[in-house]
Amino acid sequence: MTGTVRQHTGAEGVDGGVGLTALLVAAARAIETHRHDSLARDVYAEHFVRAAPASAHWPVDLTQVPDGDANPLWGRFARYFGLRTRVLDDFLLRSAHEGGARQVVLFGAGLDARAFRLDWPPGCVVYEIDREGVLAFKHQVLGALSATPRAARVPIPIDLRADWAGALTDAGFDPAAPSVWLAEGLLFYLPRTAETYLIDMVDRMSAPGSALAYEVKLERDLRAYRDSPLYVATRRQIGIDLLTLFDDEPRPDSAGALANKGWSTSVRTPFDFTHHHGRGPLPEQRNDALEGNRWVFANKSRPR
Ligand SMILES: C[S@@+](CC[C@H](N)C(=O)[O-])C[C@H]1O[C@@H](n2cnc3c(N)ncnc32)[C@H](O)[C@@H]1O
């Protein structure tokens, strides 16, 4: 994999390319936080948005959006990220408190402040893997706020097309102890070889009792959604063309690969959770860019 990595130094921060998507999700979490019916609270999110020149003028509260909830980006798309945050918060906390995982690995962590926000059990370590520039920006903003993590926090600045598994082990990760892994809003940006490697290494480094959640898009050709309200609004309002950032290779069947390795998997639509919580994004009849999004939850069982 090192051959590929040489072309990708990973030094870029949040001001452009895929790093900018971390700010998009942070803005969505800020907006969610201020909603009267919020699904998740992240008091750090708006500080990231305000600190980066690229996003300093973006809204952090729906009252700053003239068309409010009707805005496809700051209404529906932001709500999607809010719901995703809540569902994955619940999954991680359940895996730690009930499943016994004390090692939490966040792939493509971006501006995820879970190490600071969530109520982790004693002895938890949160490993945050992302590119160097993104983690440096995060460090700077959280440092200025004197934010205190609620678990041991270990940032691992590395490109996920490189040997992240070696870096994680060097940082103290113990493959013999149960862990919980998360790839939220990430896999569709990675080449398929990097996704296959990630799933394979998660399996190899997971003791029985470990858990993994990740997000995928099922569609073969995402360009069909180029004119969808979500992607048009994201392009026009904040200049992010998600379709140019997504990897365009056919995706591997990661849920199938995990099942073959003995993991139990459950593939859910976001809308399942909208119904469960009684709020969140609903499906749209035409050209819905969220149509193929799936959240996959996997568990590696303990021997009987
Ligand atoms: C949409 S953001 C999601 C961030 C975070 N998981 C969240 O949901 O708030 C995607 C993140 O993946 C990171 N990312 C994308 N490709 C990467 C790569 N090859 N290596 C490391 N990180 C990567 C980006 O830097 C960015 O922070």
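Which residues does Arg114 touch, not counting residues up to four places away in sequence? To follow the answer in the viewer, bear in mind that this is a predicted model, and begin by selecting Arg114, which is found in helix α5, residues 114-117.

**Arg114 and its surroundings**

With Arg114 selected, add Asp89, Leu92, Leu106 and Val126, since these are the residues that Arg114 touches once those up to four places away in sequence are set aside. Arg114 has 24 C-beta neighbours inside 10 Å and therefore counts as buried, the cut-off for that class being 20 or more. Next, pick Tyr44 and draw a distance between the two C-alpha atoms: Arg114 and Tyr44 are 70 residues apart along the chain, and their C-alpha atoms are separated by 10.0 Å.

**Helix α4**

Now select residues 72-97, which make up helix α4, a helix of 26 residues. From its first C-alpha to its last α4 reaches 36 Å, which is close to the 38 Å expected at 1.5 Å a residue. If you then centre the view on Ala78, you will be looking at the centre of a kink of about 30° in α4.

**The packing of α2 on α4**

Keep α4 displayed and add helix α2, residues 20-34, which packs against α4 at an angle of about 85°, with the two axes 8 Å apart. Because of that angle, α2 is roughly perpendicular to α4. The residues of this contact divide into seven nonpolar, two polar and two charged. To display them, select Val25, Ala28, Arg29, Ile31 and Glu32 on the α2 side, together with Trp74, Phe77, Ala78, Phe81, Gly82 and Thr85 on the α4 side. Ala78, on which the kink in α4 is centred, is one of the α4 residues that meet α2.

**Two loop residues with positive phi**

Most residues other than glycine have a negative phi, and the last two stops depart from that pattern.

Move to Ser146, in the loop between α6 (132-144) and β3 (152-157), where phi is near 50°, a positive value in a residue other than glycine. Is Ser146 buried or exposed? With 6 C-beta neighbours inside 10 Å, Ser146 counts as exposed, the limit for that class being 12 or fewer.

Finish at Asn287, in the loop between α12 (270-277) and β7 (293-300), which has a positive phi of about 50° although it is not a glycine. Here 15 other C-beta atoms lie within 10 Å, so Asn287 is partly exposed.

Definitions and conventions
Residues are numbered from 1 along each chain as its sequence is written. This is a predicted model: local features need pLDDT of at least 70, side-chain atom pairs count only at pLDDT 80 or more; totals for chains, interfaces and linings use all residues. Helices (H or I, at least four residues) and strands (E, at least two) are DSSP runs, numbered from the N terminus. The expected span of a helix is 1.5 Å times one less than its number of residues. The bend at a residue is the angle between axes fitted to the seven residues ending there and the seven starting there. Axes are lines fitted to C-alpha atoms, for helices over the stretch in contact, and angles run from 0 to 180 degrees between N-to-C directions. Angles under 35 degrees count as roughly parallel, over 145 as roughly antiparallel, 65 to 115 as roughly perpendicular and the rest as oblique. Two residues are in contact if their C-beta atoms, placed from the backbone, lie within 7 Å. Ala, Val, Leu, Ile, Met, Phe, Trp, Tyr, Cys and Pro count as nonpolar, Asp, Glu, Lys and Arg as charged, and the others, Gly among them, as polar.
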